[in-house]
Amino acid sequence: MQNREKQITCQVCMHHCSLEPGQRGRCRARKNDNGVIVCENYGRITALALDPVEKKPLRRFYPGSMILSAGSYGCNLNCSFCQNYQISMVGEDVCREESDQWVLISPGEMAARAWALRDRGNIGLAYTYNEPLIGWEYVRDTARLIRERGMKNVLVTNGCAAPDVLDALLPLTDAVNIDLKGFRESGYRKLGGSLETVKDCIIRALKTSHVELTTLVVPGENDSTEEMEEEALWIASLDREIPLHITRFFPRYRMTDREATDVGQLHKLVETAGKYLHHVYPGNC
């Protein structure tokens with residue numbers, strides 16, 4: 001009974017994890033610390049690189065530029081085909097205070113690093129690699145400093161976040177790439193997600209930021225022309241100018257039981273989406 005009284009619910013995403021003291025949520029980044037939900041991965045950086053902005057992928061946002069890209073660990077989805085599973089699907093060893101798999105970089109230091117790379121073409125900071133919105137407080141604090149320096153903030157996200165989180169971050173965000181992992185609620189349930197939550201994120205992001213979308217085409221999961229047509233029609237109902245990246249799956253993580261996406265089928269899906277959208281790009285081909 002004592003522990004039950006100290007349970008607290010995390011409100012950051014649709015899972016609403018009810019956590020005992022000391023327990024982490026399914027994202028492995030948020031924790032009940034004596035009755036308070038804390039962002040345990042705050043400033044814990046597992047990956048940091050200066051990337052072409054096209055790699056985010058963003059094709060119509062400062063093309064030809066570079067952007068410093070930072071990631072932590074954890075994710076609130078459970079995609080068996082995860083392409084970044086080494087840092088998103090971490091175990092307890094990465095979460096430990098003494099772990100050597102991350103380095104602590106404060107928002108101020110991160111902003112200073114981004115500023116120092118301007119002479120190499122850097123336009124700002126991208127929050128990417130793992131799911132950045134599960135550690136939204138670090139994104140908020142760093143994005144404010146990036147914005148103060150006149151640089152750009154880019155979010156690369158699965159879009160599975162509560163409205164309050166989006167309301168806090170989107171006014172500080174210049175561009176967003178959102179993974180739209182298909183257009184079936186049943187498909188999202190397999191991943192532990194919610195299509196409606198992602199659609200809401202897209203609609204909200206369009207009010208404040210440049211938005212591009214990415215769909216990873218997984219054979220046997222979301223590779224039908226019918227599903228792509230429904231997806232493209234919905235996107236077009238928002239704005240036919242929204243860029244859509246349709247990218248090729250390669251066997252990864254727990255999904256090694258099928259071949260990479262057929263290139264011919266990928267281009268067929270690009271052609272299908274192109275009937276409704278003005279900017280459709282194949283990826284990973």
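**Exercise 1. Describe how strand E13 pairs with E14, and place both in their sheet.**

Solution. Strand E13 (residues 244-248) pairs with E14 in the parallel sense, over four bridges. Strands pair if DSSP finds at least two bridges between them; strands (E, at least two residues) and helices (H or I, at least four) are DSSP runs numbered from the N terminus. Within this pairing, His245 has Tyr281 of E14 as its bridge partner. The open sheet has eight strands in the order E6-E7-E9-E10-E11-E12-E13-E14, with mixed pairing. Its edge strands, each paired on one side only, are E6 (47-52) and E14 (280-283).

This is a predicted model, in which local features need pLDDT of at least 70 and side-chain atom pairs pLDDT 80 or more, while totals for chains, interfaces and linings use all residues. Residues are numbered from 1 along each chain as its sequence is written, and side-chain values use heavy atoms, without hydrogens and water.

**Exercise 2. Locate the salt bridge between Lys190 and Glu221, and state what it joins.**

Solution. A salt bridge here is a side-chain nitrogen of Lys or Arg within 4 Å of a carboxyl oxygen of Asp or Glu. For the side chains of Lys190 and Glu221, the N to O distance is 3.2 Å. Lys190 lies in helix H7 (residues 185-191) and Glu221 in the loop between E12 and helix H9 (225-238), so the pair ties together parts 31 residues apart in sequence. Lys190 is exposed at 60% relative accessibility, and Glu221 is partly exposed at 33%. Buried means under 20% relative accessible area, exposed over 50%, and partly exposed in between (1.4 Å probe, protein chains only). A network of salt bridges links Lys190, Glu221, Asp257 and Arg258.
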